[in-house]
Amino acid sequence: MTFLVHNSLTGRKEPFEPLEPERVRMYNCGPTVYSRAHIGNFRAYLFADVLRRWLEHIGMEVVQVMNITDVGHFTDDDEDGGEDKLEARARREGVDPWKISEEYTRVFFEDLERLGCLPAAVYPKATDHIAEMLEMIEGLLASGHAYERGGNVYFDVTRFDRYGRLSKNRVEDLDAGARIAVNEEKRHPADFALWKSDPHHLMKWESRFGPDGFPGWHIECSAMARKHLGDRIDIHTGGEDNVFPHHECEIAQSEAFTGEPFATYWMHTKFLQVDGGKMSKSLGNVYSIDDVVERGFEPRVLRYTLLRGHYRQPLNFTWEIMADSRKALGGLDDLVGRLRGVCDGRGAAADEGAGEELVAAAAGEFEAAMNDDLNTPRALAALFGLGAPVREGRLGARAAGASLGLFAAADAVLGIVDLGDGGPGGDPDDDAAIQALVDARREARAQRDFAEGDRLRDELLGRGILLEDTADGTVWRRR
Ligand code: AMP
Ligand code: ZN
């Protein structure tokens, strides 16, 4: 089956073909570490994680690189008017910007792990790649794609004729929309900074352009991608806001420098909304993974919520949706418990081969959905589709075993199904409910109603509870 991916560069779904057979070079625009990443950011990183896992599932070796932006990302796309995000925070709080980036980088890694994202091969930091950026800047100056004015170096967009191909912007239109405060240094208002000089900047490096320089945000990603993945890469990802100017500028710099196409596929995640709108500090809904956990949700419930929508569709987050997700995940866990029961010969169809075609169809549908530009909601529906046949006892032991195999494979990609020791937590109310079910089963068996006894045992299994019948009665423990 072919893996189709939507390429923002062409606006079409295309069969995925890596530059090198079975080896994928992927670059993900990572966090700007001036504050804690929010659940919207994690929509973008989770997408990258699932994409990587799917590529591995279909047999590719994936070299995943996700950068850490620790300098040079401005508060405004118009770098002439904005301020470096890290420095703005450092100044406001009177803290060292290096401390801020160090702290939020650490928290970022913790959050990624909590969300179940696999570690990338490399997490390059912009501040560790100043030499590589300067090398590209020199090359662009030498080839006439860039020019220097008073310690600032700009990329000349009129010298790169494909500028605008990704975002569909036209240089002429960008001219018409020139900002109010015109930067007299620039030849064209759409020219963007590769290097800036500012004696007041806190994080700065010496170069031939002066003693107090620092890089523009776009050149950082071009330089880090090139250093860790080479001149050409297969996939470049980011959120939809990265298309312009960030990725448009990356393409211009990288391709002007190497003379080769930069990334074959550009993939962009639509923004996550919260309560039907943009997340905002004033509304108090810029949620982090800590907020999710504090409200009593396991991080995998967030993971599931984010995968309920296709990455190119708008997705809304509310706490009600999270509660609904938790229920749905409980349903999947329950399904796994029941399947285990069927494998052990309980609740199974009389014919041990029964239902195999249902499982094969679900597995086929799961693959087809993921191969269709990572359609995770469709893939999840394929898993849930096994619910009714299992509950109605239509699967035999072999089909149940195959289903468990499908769940394990799906889990390797989606990372949400609780196949391990999860199950319900250890709160006392829950213990009471479990004890009640255990008692009910004992009672049923005492009445010689073994069918009801088995049903109750399966229900407990579905909740992650294992029973052991001993001479002193039944003891239970969590899986
Ligand atoms: P930043 O830290 O601002 O550079 O953003 C990091 C990544 O998160 C970028 O790829 C953004 O496009 C992405 N992003 C930011 N906000 C959202 C959101 N609400 N939904 C999805 N992705 C987002
Ligand atoms: Zn980037």
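**Figure 1. Domain 1 and domain 3 sit with their centres 57 Å apart, taken over C-alpha atoms.** This is a predicted model, where local features need pLDDT of at least 70, side-chain atom pairs count only at pLDDT 80 or more, and totals for chains, interfaces and linings use all residues. Residues are numbered from 1 along each chain as its sequence is written, chains are lettered from A and ligands numbered from 1 in the order in which they are written, and side-chain values use heavy atoms, with hydrogens and water left out. The protein chain is split into domain 1 (17-269), domain 2 (292-414) and domain 3 (431-478); these bounds come from an automatic or database domain assignment. Along its principal axes, the C-alpha trace spans about 90 × 50 × 35 Å. The chain has 16 helices and 15 strands, which are DSSP runs numbered from the N terminus (helices are H or I, at least four residues; strands are E, at least two). Of the 479 residues, 53% are buried. Here buried means under 20% relative accessible area, exposed means over 50%, and partly exposed is in between (1.4 Å probe, protein chains only).

**Figure 2. Three side chains hold the zinc ion (ligand 2).** The coordinating atoms are SG of Cys29, SG of Cys221 and NE2 of His246, at 2.1 to 2.2 Å. Donors are N, O and S atoms within 2.8 Å of the metal (3.2 Å for Na, K and Ca); water is not among the atoms, so sites may look incomplete. Read along the chain, the donors follow the spacing C-x191-C-x24-H. Cysteine 29 lies in the loop between strand E3 (23-28) and helix H1 (39-57), while histidine 246 is in helix H7 (residues 243-258), so this pair ties together parts that are 217 residues apart in sequence. Both cysteine 29 and histidine 246 are buried.

**Figure 3. Helix H7 carries a cis peptide bond and a buried isoleucine.** The bond from phenylalanine 244 to proline 245 is the cis one, with omega near 0 degrees, and proline 245 is placed in H7. Isoleucine 251 is in H7 too, and it is buried, at 6% relative accessible area. Not counting residues up to four places away in sequence, isoleucine 251 touches Leu9, Phe160, Leu166, Ala256, Phe262 and Trp266; contact means heavy atoms within 4.5 Å.

**Figure 4. Phenylalanine 262 and tryptophan 266 form one of the aromatic pairs.** The whole structure has 20 such pairs. Rings of Phe, Tyr and Trp (its six-membered ring) pair if their centres lie within 6.5 Å; planes under 30 degrees apart count as stacked, over 60 as edge-to-face and the rest as tilted. The 262/266 pair is edge-to-face, with 5.8 Å centre to centre and 65 degrees between the planes. Phenylalanine 262 is buried at 2% relative accessible area, and tryptophan 266 is buried at 1%.

**Figure 5. Tyrosine 287 and phenylalanine 317 make a tilted pair.** Their rings are 5.8 Å apart centre to centre, with 50 degrees between the planes. The partners are 30 residues apart: tyrosine 287 is in the loop between strand E12 (272-274) and helix H8 (289-294), and phenylalanine 317 is in strand E13 (residues 315-317). Tyrosine 287 is buried at 9%, and phenylalanine 317 at 0%.

**Figure 6. A charge sits over a ring at arginine 187 and tyrosine 147.** The charged end of arginine 187 is 4.1 Å from the centre of the tyrosine 147 ring. The call requires NZ of Lys or CZ of Arg to be within 6 Å of the ring centre and within 35 degrees of the ring normal.

**Figure 7. Cysteine 249 is in no disulfide.** A disulfide is a pair of cysteine sulfur atoms within 2.5 Å, and the count by this rule is zero. For cysteine 249, the nearest cysteine sulfur is that of cysteine 221, 11 Å away. Cysteine 249 is buried at 1% relative accessibility.

**Figure 8. Lysine 168 has a positive phi, near 65 degrees.** Most residues other than glycine have a negative phi. Lysine 168 is in the loop between strand E6 (152-155) and helix H5 (171-176), and it is exposed, with a relative accessible area of 51%.
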